[in-house]
Amino acid sequence: MKVVKCKDIQIEPTLLSTNGQQLPPGTLTGDQARLDISARSVWNVLERAFFDVRVFHAPAPTNATKEIPAMYLAHENEKKRSYNARVIKIEKGTFTPLVFSTTGGMGLEAQRLVKKLAQKNGNTNWTAICRVSVLY
């Protein structure tokens, strides 16, 4: 089996300073802001991709009134509000929030990443990989 190798993988990479640049409300602009992972050549050749991981507990009382798909979307959108503009404007990269549930599911953006990595490995049955990956 072919193994995908991304380049320049970093854990909690230091982000460039915003230097007072105007960013949308809700964007984290502090110099101590960190994302969980960055790597090159994930989505496009040599492009730097940033990822931030969130794991939530669907049965929590705060989620009692929400449908499961809405929970994933809310967490993805919250991460995008916090980081997307900064990554695009300052880092000149892409941002993907990776949202997972303690009950074994994953958000649409995480599924998209798993699908992309599966395709890079020549595996067309990416849905099986999604199901297996949430079990372990």
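This is a short chat about reading the sheet and its helices in a predicted model.

Q: Where do I start: how many strands form the sheet, and in what order?
A: Four strands make an open sheet, and they line up as 1-2-3-4 with mixed pairing. Sitting at the edges are strand 1 (7-11) and strand 4, each of which pairs on one side only. From one strand to the next, the twist averages 20 degrees.

Q: Okay, so what holds strands together in general?
A: Strands of a sheet pair through backbone hydrogen bonds, and the pairing is either parallel or antiparallel. Here you can find both kinds. Strand 1 and strand 2 (residues 37-40) run antiparallel over three bridges, with Ile11 opposite Ile37 in strand 2.

Q: And strand 3 and strand 4, are they parallel or antiparallel?
A: Strand 3 (residues 48-56) pairs with strand 4 in the parallel sense, over eight bridges. Look for Phe50, which stands opposite Phe95 in strand 4.

Q: What unit do strand 3, helix 1 and strand 4 make?
A: Together they make a right-handed β-α-β unit, with helix 1 covering residues 68-91.

Q: Which strands does helix 2 touch?
A: Helix 2 (residues 108-120) packs on the sheet and touches strand 3 and strand 4. Its direction makes about 110 degrees with that of strand 4.

Q: Last one: why is strand 4 called largely enclosed?
A: Count its buried residues, where buried means under 20% relative accessible area. In strand 4 (residues 94-101), six of the eight residues are buried, so the strand is largely enclosed by the rest of the structure.

Conventions
Residues are numbered from 1 along each chain as its sequence is written. This is a predicted model: local features need pLDDT of at least 70, side-chain atom pairs count only at pLDDT 80 or more; totals for chains, interfaces and linings use all residues. Side-chain values use heavy atoms; hydrogens and water are left out. Buried means under 20% relative accessible area, exposed over 50%, partly exposed in between (1.4 Å probe, protein chains only). Helices (H or I, at least four residues) and strands (E, at least two) are DSSP runs, numbered from the N terminus. Two strands pair if DSSP finds at least two bridges between them. A crossover is right-handed if, with the strands pointing away from the viewer, the path from the first strand over the helix to the second runs clockwise. Axes are lines fitted to C-alpha atoms, for helices over the stretch in contact, and angles run from 0 to 180 degrees between N-to-C directions. Contact means heavy atoms within 4.5 Å.
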